[in-house]
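Please take a moment to look over the model shown here before reading on. The paragraphs after it are meant for someone meeting this structure for the first time.

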Amino acid sequence: MTLYDAACKVRENAYAPYSSFKVGAALRTVSGQVFAGCNVENVAYPEGTCAEAGAIAAMCAAGEYAIAEICVVADSPTPVPPCGGCRQKLAEFAAPDLRITMATLDGARHVITMAEILPGAFSAGHMDKS
Ligand code: THU
């Protein structure tokens, strides 16, 4: 199954009663495993948890911490970019050349790298004065 297909499949399980905007994300780790996540909203925080964060949580729960590729899918007019918070979360587990594919259910695609989507990212190195 491609990452696009995996993202479309998990998107169907999204819990988005407040926005009615379902998102699916599927990532492949450096070791080759695939993990998927969907957005999950709640009444107190209607923006809930993004699909990308769900896929990252599944990856970490399995003891994997390095993303090689990710695909995000929504039924939107144009491919939806990860939100600001998700960009930082992805940067934690990705190299600057990570390929991020944003796609729609209609098949439109846009590929961008981690460095392009979060230039000047804050990293652990910024806390190291030695
Ligand atoms: N959302 C994602 O899951 N990923 C994105 O990249 C953009 C936004 C979700 C969060 C919320 O449940 C809904 O889309 C509307 O913001």
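What follows is a walk through the surroundings of the ligand and then through the rings of the protein.

The model is a predicted one, and a good place to begin is the ligand, which takes up the space of the largest pocket. Around the ligand stand S19, F21, V23, N39, E41, E47, C50, A51, E52, P81, P82 and C83. Sorted by class, this shell consists of seven nonpolar, two polar and three charged residues.

Several members of the shell can be placed against oxygen atoms of the ligand. A polar side-chain atom of E41 lies 2.6 Å from an oxygen atom of the ligand, while in E47 it is a backbone N or O atom that lies 3.2 Å from a ligand oxygen. A51 also takes part through its backbone, with a polar atom 2.9 Å from an oxygen atom of the ligand. Taken alone, the ligand exposes 380 Å², and the protein buries 83% of that area.

Turning to the rings, a search of the whole structure finds zero aromatic pairs. The ring of Y4 does, however, have the charged end of R109 sitting over it, 4.4 Å from the ring centre.

Notes: Residues are numbered from 1 along each chain as its sequence is written. This is a predicted model: local features need pLDDT of at least 70, side-chain atom pairs count only at pLDDT 80 or more; totals for chains, interfaces and linings use all residues. Side-chain values use heavy atoms; hydrogens and water are left out. A residue is near a molecule or strand if one of its heavy atoms lies within 4 Å of it. A polar contact is a pair of N or O atoms within 3.5 Å; within protein, one must be able to donate a hydrogen and the other to accept it, and residues adjacent in sequence count only if both atoms are side-chain atoms. Accessible areas come from the Shrake-Rupley method with a 1.4 Å probe; for residues, only the protein chains shown count as cover. On a 1 Å grid over the protein atoms alone, a cavity is a set of points where a 1.4 Å probe fits but cannot get out, and a pocket is an open set with protein on both sides within 12 Å along at least five of seven lines; lining residues have an atom within 4 Å of a point. A molecule sits in a cavity or pocket if more than half of its atoms lie within 2 Å of its grid points. Ala, Val, Leu, Ile, Met, Phe, Trp, Tyr, Cys and Pro count as nonpolar, Asp, Glu, Lys and Arg as charged, and the others, Gly among them, as polar. Rings of Phe, Tyr and Trp (its six-membered ring) pair if their centres lie within 6.5 Å; planes under 30 degrees apart count as stacked, over 60 as edge-to-face and the rest as tilted. A charge sits over a ring if NZ of Lys or CZ of Arg is within 6 Å of the ring centre and within 35 degrees of the ring normal.
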